[in-house]
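Visitor: I'd like to know how the labels people put on a model like this are earned. Could you walk me through it?
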Amino acid sequence: MKSIIILSGLGVLSLLSEIFNFKKWLMPVVLIGLMAAIGYASYDWNTNIHYFNHMLVFDNSALGFTMLICATSILWYWMSQSYFTNETNVTDHFGITLFALVGSVMMVSYGDLTMLFLGIETLSISLYVLAGSKKNSLSSNEAALKYFLMGAFATGFLLFGVALIYGCVGSFHLYTIADYVTAMHGTFPKMFYVGVLMMLIGMAFKVSAVPFHFWAPDVYTGSPTVITAFMATIVKTAAFAAFFRLFNTCFVGVEGIWVNILSIITLATLLLGNISAVMQINAKRILAYSSISHAGYMLLAIVAIVNGHIINTNALLFYTAAYSVASIISFTVFMNVSNSTNSDSLNAFNGLGKRSPFMAFAMMVAILSLAGIPPMAGFFAKLFLFFLSIRGGHIWLVVGAVIASLVGIYYYLRFIIAMYGKDGSDLPSITIESSHRTLLIVALLALAVLSFAPSFLSIN
Amino acid sequence: MLTALLILIPFVFSIPLLLSPTQNNKAIALASNIVTLAITIFTCFTFEHNSNVQFGFDLNWFPALGIHLKAGMDGISLILVLLTNLLVPFIVLSAEKTLEKIDKPNMMLGLTLMMQGALVGVFTALDGFVFYVFWELALIPIYLICLMWGGENRISITLKFFVYTMIGSLLMLIGLIYLAQHTAEHTFDIQAMYAAGKALPASQQSMVFWLMFLAFAIKMPVFPFHSWQPDTYTNAPAQGTMLLSGIMLKMGVYGVIRWLLPMVPLGVAAWGNTAIILSVIGLLYAACIAIVQTDYKRLIAYSSFSHVGLISAGVFVMNVQGMQGSIIQMLTHGINVFALFFIVDLIEQRTHTRKLSDLGGIRGVAPGFATVFMIVMMASVALPLTNGFVGEFLLINGVYQYNAWIAAFAGLTVILGAVYMLRSYQKTMLGEANTITSNFTELSGSEKFILYSMIVLIFAIGLFPQPLLNISEPAVIHLLEQASIK
């Protein structure tokens, strides 16, 4: 709860700072504030406090995801300094991103469907603006409009589902819904089934699962790169935490309704996300499709929900952490590479191993982690999810996921081939900002910690 | 604890090398190699001749999933660790000329050391998960070595190699997780996995057999999963080829011995015969193709494919002779194939060609070189008194006990091997020297050191194989007891 207060306070402060000419100090203040938010969240560990009639429940999984979101956003602000200095409307950018963070913290800690809706909307509305924040770019405007239309559509589904479930249960509280599910012993009014499926579709839109993914590649490619990184890491973490929390708390007893549908969605997301990425030549688009395919792996955590939720939460937390850190690294390198050549194409990476060995190394580690090659953190993350799914009896889903990983390896290797196998002597020389160099070192260390001590991140 | 040192030392030494990729600090790599070789030799002498796992360690790595960081050596592992730590120093030494030419010499050395650490990890792991991690970890350095310093078509060829081996490994991962799920306490511990595998019904054992066998078959390679191999061997830089054929293909054979035979005995009973027949087909097929090769490196690549067919057949016959033959043959094949690829590399350095038709008459110009080559070739075609004879004799003996007909076909390997090796010797060394070969220089100091050491090893193992056989025998007998169906 204190994290939400701190983040909202920072947001208001940054809007006011335009008046008081406080801009220069904003970045350090925001970073200190985020650290304080992490500190308060860890201080509340194991307290399990309910706020406002159980509307917000800060149990350990909420605190874990809160800390992860704040930590990722520290890395993200660090990476995005140029976005907050070179462009106009700096204070607005700060304010909007901070409110987006408030929305994501609400999404990981809600105890009530109204709070879920409020969190999603706070996050989404901020993102519509951010996606269009490169005002002079046509593709950025397109991204914002597409995202807004699709997002509004998804919210409609979600809200419809919430209303139908409220009609059956008479309450928005997650625990009341869970009690209702246990009390009904498998015989529900038809309205309830429809409600669950509507919510499933709404959430699938938000996490860009196939076949509700069409907005994602365009929005990811069109938005400014830093916003793409924001969507791929922080937003994804929050959306999955919310999805997981909803189904894990309320709908475990009715998995007959949704498990098969979600299995198909998962398989489609895995295969289509990976196969579409193979054909891309734009590096940013490859990263966008890779982000869709990773949504597929994370969906495995929800499909396998039926047994032992603490381990599932751990697995999801670990996966999002490993994925976020690797994505921050890859987007940082991508940003530097594309700035130096003014191109988003994969060819901009040619010969990076010679032109900038450090960046090429960082990119290689991130790519290997995303591809899930041991001993990188991404491998452990995938392994835990495969493990849980086999334990839950979804062995064929895992075979599908393995095939998808193979396809994934193919296009991830294209980065490594470009960097180490191709000649880039005709490309302009490249320099990395010193702050980005430090950021990459910190992120690589974080990835190394996740790789060698996978049990470090666990909420029990 | 010594096992942990053997795994860690190469990784630790690879860090400074990888951090300064453009320099050339061979001394660092060699220092690491000497330390690991010294420890390995020490373990060989202090090894107690029984089937127990020795020099091991066990750390609790990820308790929630029952993963232990557990490794140690029994006789079988020790022979393969010996192979790894013996060959890598020579591979590093043999790279002297290459390192002067390429643009990132330290990176190649660092990757070689990483590979060494990972290989030792594969050969000593006693936890299914740790085995898998090292198995994959060994792939990354060799992939980069082939990608960065390979021949013309390196991009598509290395991609094929990587994706091909990844298919196998991921299937193996499913198999391992599946077995771990069936252990009593959900662990990856090897003994628990043996017990779990044996308790499965025959149909599921067959499924696990194929999931795991494909990974090993691709790595070795066994016919018909070999199509990545000749291209990759031919296109890789010499040091990459030496690592691939000298050590890496033994990962597959070792995997079968340690992680397949005792794990799913009923699956092996149902499909072992198929595996033997595939191996023998591959053996004959590769030998026949080797005869008509025009590229020398490709010829050796096919010869390696042919030899490994016999080794894998010897593993699946499930008797002491066959298994012992496979283990000693893995060591000797590593030594011989390293020497052969080194000789081909020397020829290529001096004449800038690998085509058999361009060469000829080298014996007249460089008799010392030709003599060394002769000895290595004789070892490779398993002449008595050389190391190749010991392994091949035991292997054919083992296969004969299983089935005389299969042994008859497997025995052809010796004859066909003689055909393609002698033919290539004749084409390159005998005859009149031409414009390409007439300036062929004799062996230099370090080249002499490497090849003479190999000759010493060839005769030492050929004349006194017993100490090595004694090391692996108790472990082999114990393993076959565990793998038998009663």
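Guide: Sure, starting with overall size, and bear in mind that this is a predicted model. Chain B has 486 residues, and a compact globule of that length would have a radius of gyration near 23 Å; the value for chain B is 21 Å, so the two agree. Along its principal axes, the C-alpha trace spans about 70 × 55 × 45 Å.

Visitor: What makes a residue of chain B count as buried, and what percentage does?
Guide: The cut-off is 20 or more other C-beta atoms within 10 Å of its own. In chain B, 60% of the 486 residues count as buried.

Visitor: Why are H1(B) and H5(B) called roughly antiparallel?
Guide: Helix H1 (residues 2-19) and helix H5 (residues 105-124) of chain B pack at an angle of about 165 degrees, their axes 8 Å apart. Angles over 145 count as roughly antiparallel, so that label fits H1(B) and H5(B). The crossing is left-handed.

Visitor: Which residues meet there, and what class are they?
Guide: On the H1(B) side they include Leu6(B), Phe11(B) and Ser14(B), and on the H5(B) side Leu113(B), Gly117(B) and Val120(B) are among them. By class, the contact has 12 nonpolar, 8 polar and no charged residues. Gly counts as polar here.

Visitor: How do the two chains touch, in numbers of residues?
Guide: In chain A, 23 residues are in contact with 25 of chain B. H18(A) brings the largest share of chain A's side, 11 residues. That side divides into 19 nonpolar, 3 polar and 1 charged.

Note on methods: Residues are numbered from 1 along each chain as its sequence is written. Chains are lettered from A and ligands numbered from 1 in the order in which they are written. This is a predicted model: local features need pLDDT of at least 70, side-chain atom pairs count only at pLDDT 80 or more; totals for chains, interfaces and linings use all residues. The radius of gyration is taken over C-alpha atoms; the globule rule is 2.2 Å times the number of residues to the power 0.38. A residue is buried if 20 or more other C-beta atoms lie within 10 Å of its own, exposed if 12 or fewer, and partly exposed in between; C-beta atoms are placed from the backbone. Two residues are in contact if their C-beta atoms, placed from the backbone, lie within 7 Å. Helices (H or I, at least four residues) and strands (E, at least two) are DSSP runs, numbered from the N terminus. Axes are lines fitted to C-alpha atoms, for helices over the stretch in contact, and angles run from 0 to 180 degrees between N-to-C directions. Angles under 35 degrees count as roughly parallel, over 145 as roughly antiparallel, 65 to 115 as roughly perpendicular and the rest as oblique. A crossing is left-handed if the near helix is turned anticlockwise from the far one by less than a right angle, and right-handed if clockwise.
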